[in-house]
Structures are given as C-alpha cells and as structure tokens.
Amino acid sequence: MFIVTKQGELSVWQSQSEEREALENWGIKYLQNYYNQNGQWQNNLGKAFKELASILHIDEILTQIPKHCDKLILIPHFFLHLFPLHAIPINQNSENSSCLLDLFAGGVSYAPSCQLLQQLQQRKRPDFQSLFAIQNPTEDLNYTNLEVESILSYFPSHQVLSKNQATKAALSQAATQLKEANYLHFSCHGSFNLNYPQNSFLLLADAYVYPIPDDANSERYLKVYDTEAIDLSKCLTLGNLFERTFDFSQTRLVVLSACETGLTDFNNTSDEYIGLPSGFLYAGSSSVVSSLWTVNDLSTSFLMIKFIQILKNAIDMSIPLAMNQAQRWLRDATKEELQEWVKNLALDSTKKGKIRRQINNMTGEQPFNSPFHWAAFTAVGK
C-alpha cells in the first residue's frame, strides 16, 4: 500500500502474504453472506467491518499518515472497491473508538485510479444551481417522492421526469437540459451485472416487459420472473455512458440514489474499476455518489436530503465532506432529533405526520445507527 501526501511525500506499508489470503477469504465470505443471507449479512455488518479493520491493520496504517493531513482520498485495489472503507472502525482498543470518516475533517472520498483522479481535479465545476431529477419511474418506492420533492426546494432551476414520464425516450429528448444541468439526481431502482458490467443499469419507466417475447435476445432482455423481463434498451446502462450517449460535461455531481449503483467488476484486471460511477465520470461529471448494496428506502431518503441541505447551506463545501457529515448525522441522530428535522422539511403536513409516526414506531433511540443505513454511499471523484 502506498501513502502519498499533497506535498509529494511517499511512504509504503507492506502486508504479509497470509494477510492477503485472509483478506480474500473475508471478501468471499462477505459476498456470499450478502447474496445468500441478506438478513444475516445486514445484522453482522458491524462485526464484519471490525474484522476487515483488523485484517487491513488500519490503525497501524494510520500512523503512517502525517498529522497535518485532514482529507483522505482512497484508491482501492481489486475488490476493496466493493466495501465502505470510510466506515471501518479505528482505535478498536480504545474507549473512544470511531470510524475512518470521523478522523478526517476534510472528508473521505474515493477515486478509481490516480490517473482519473488527476483528470477529475482539473475539471472546474463551480456552479451548483440547476437540477435534473429522475423520480420513482416504477412507482413502487415509498419514499422516493419524499426525497426528490424535498431536494427540489433547494434548486429554483430544476426539471423532473417523474413516474411514468421517466422513460429512456424522454431522457434522450432532454439531452440538451441534461448537458446544461449542474446536478443529476436519479432516485430509482438500480442493478449491477457482474457477468456483463456494461449491462448494469438504472431502471426507467416502461422497461418491464410482459410477457417475454418468444425471440427475446438475452443480451437485451434481463429475465426477472418466469414471464417478465427488463428491456435493457429502455434503461440507462453503463454501456450507454461509455458510448457517450449523454454529455455530462457541465455536471458537478451525479447522485445515484438506488441499489448497488457503486458495485464494480472486481474480476477485471484493469487498473480502473468498471461500474456506473466510472461511466458517469467518463461521460463528464466530476463527482458521483453511489451505493454498495441494496439500500433501505426511508433511510436513504433521509441521507440524501440531509446531504443536499449540507451542500447547499455551506460555502465551498466539498461533496465528500458533505456526504460524510450527512452519514454521521444519520448514524447519530436520535428519534427526537429526527422528528424535529422532519418538521422543517418542505413537505405538506400530512406527509410529515406520516413520516414522524413511522419514526416513533422504530426500535432503538438511534434508529439508523447500523452501518447498513448510513455507510452504503460513497463519494467518488472530486
């Protein structure tokens, strides 16, 4: 592992071969639990991250970072891209143990590679005034509307493709508005395809096909049920992004508020990972926020609203730092604090009352304290 400071100081930390084997075994077990035992995986996240911290010798590595460094940019290798390294615990032998994101006042961000990070830092995107949003295309996400409606109040200039209007055709017709937008927000379903990463997608309206055509091409149609499939030509795919179907050269931020939008092809031998975040960066955006697992609808909406509140209310706030602050807030917020926060959202009283009652029925004084609720999202890029 290499540690490089802004001043060009370089230090190297060398692990042992048995530690690499332990890391690979941990990763295999983590992914098996995720795909096969989702409930157990969710409940064991805290324990799993402690094991990862121990295998990585994170406390020992941190001693190699100069004290004056207040910002951390992680460039993971191999399948480390799949894990929320910002959430792994530090100082495990101390009473004041915390997470990596608590240690750096300037935030913890990610980059696919050193080369791409250098390119991203040269992209000047000062404006953050115009929003283009995709809202609940499949109309089955309970809190997506809450999320988007609350965020819109911070952007006088905005355009939204909502519910059945959010089709691939409508997205293509809005290519000019997309090119001019500073901020793109996708609040929908997402999926990563490990076998064919270019077919990873954001699910748009009209993409479900029933019944499946007899001559359905498996490269175009993704079977989800015996008689139902998703037509990938009606989704926004990673392939579309690499084909430069859309131009995001004015975009400061893309938020992929959906499941598994940050997963990558860890079997690929390339130095740079292949996934939706790298696709949006390739298409021109300087930053992408995406998720590492199947996320909870309610906690995700809270996290995204708070993230935008922080980003818009501060002067010269970086995207990674705003995300880190929103994650700490969601992790530590009590029921009472959440209730008070909901009272001030730009929503009608009926919606706010419903959400506050749901909060009141949650278990635990800090209902979103589990890493499952706050750690999934990473800020990739500038």
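Contact between two residues means here that heavy atoms lie within 4.5 Å. The structure is a predicted model, in which local features need pLDDT of at least 70 and side-chain atom pairs count only at pLDDT 80 or more, while totals for chains, interfaces and linings use all residues. Residues are numbered from 1 along each chain as its sequence is written, and side-chain values use heavy atoms, with hydrogens and water left out.

Lys-335 lies in helix H13, which spans residues 335-343; helices (H or I, at least four residues) and strands (E, at least two) are DSSP runs, numbered from the N terminus. When residues up to four places away in sequence are not counted, Lys-335 touches Ile-359, Asn-360, Met-362, Thr-363, Gly-364, Glu-365 and Pro-367. Lys-335 is buried and yet has no salt bridge. Buried means under 20% relative accessible area, exposed means over 50%, and partly exposed lies in between (1.4 Å probe, protein chains only). A salt bridge is a side-chain nitrogen of Lys or Arg within 4 Å of a carboxyl oxygen of Asp or Glu. For Lys-335, the nearest side chain of opposite charge is that of Glu-365, at 6.0 Å; in this count Lys and Arg are positive and Asp and Glu negative, whereas His and the chain ends are not counted.

Side chains of opposite charge can pair when their charged atoms come close. In the whole structure, the search finds 7 salt bridges. One of them is also in helix H13, where the side chains of Lys-343 and Glu-340 meet at 3.5 Å, N to O. These two residues are separated by about one helical turn because they are 3 residues apart in H13. Lys-343 counts as partly exposed, at 37% relative accessibility, and Glu-340 is likewise partly exposed, with a relative accessible area of 41%. In addition, Asp-102, Arg-331 and Asp-332 are joined into one network by salt bridges that share partners.

Within that network, Arg-331 belongs to helix H12 (residues 319-332). Its relative accessible area is 11%, so Arg-331 is buried. With neighbours within four places in sequence left aside, Arg-331 is in contact with Cys-99, Leu-101, Asp-102, Gln-366, Phe-368, Asn-369 and Trp-374.

A further salt bridge is formed by Arg-20 and Glu-24, whose closest N and O atoms are 3.2 Å apart. Both residues are in helix H1, and their separation is about one helical turn because they are 4 residues apart. Arg-20 is partly exposed at a relative accessible area of 44%, and Glu-24 is partly exposed at 28%. Arg-220 and Asp-231 also form a salt bridge, with 2.9 Å between the closest N and O atoms. Arg-220 lies in the loop between strand E12 (208-209) and strand E13 (221-223), and Asp-231 in strand E14 (residues 229-231), so this pair ties together parts that are 11 residues apart in sequence. Arg-220 is partly exposed, with a relative accessible area of 37%, whereas Asp-231, at 2% relative accessibility, counts as buried.

Helix H6 (residues 144-152) is largely enclosed by the rest of the structure, because 8 of its 9 residues are buried. The buried residues are Thr-144, Asn-145, Leu-146, Glu-147, Val-148, Ser-150, Ile-151 and Leu-152. They pack against strands E7 (130-135), E8 (157-162), E9 (183-187) and E16 (253-257), and against helices H11 (297-313) and H14 (349-360).

Trp-13 lies in the loop between E2 and helix H1 (17-36) and, at 12% relative accessibility, counts as buried. Leaving aside neighbours within four places in sequence, the contacts of Trp-13 are Met-1, Glu-19, Leu-56, His-57, Glu-60, Ile-61 and Gln-64. From C-alpha to C-alpha, Trp-13 and Ile-3 are 8.0 Å apart in space and 10 residues apart in sequence.

Lys-6 is found in the loop between strand E1 (2-4) and strand E2 (10-12). This residue counts as exposed because its relative accessibility is 83%. Lys-6, Lys-71, Lys-124 and Lys-382 gather in a patch of positive charge on the surface. Patches are made of residues with over 30% relative accessible area and no salt bridge; like charges are joined within 9 Å, and nonpolar side chains (Val, Leu, Ile, Met, Phe, Trp, Tyr) within 5 Å. The place of a charge is taken as NZ of Lys, CZ of Arg, CG of Asp or CD of Glu. Accessible areas come from the Shrake-Rupley method with a 1.4 Å probe, and for residues only the protein chains shown count as cover.
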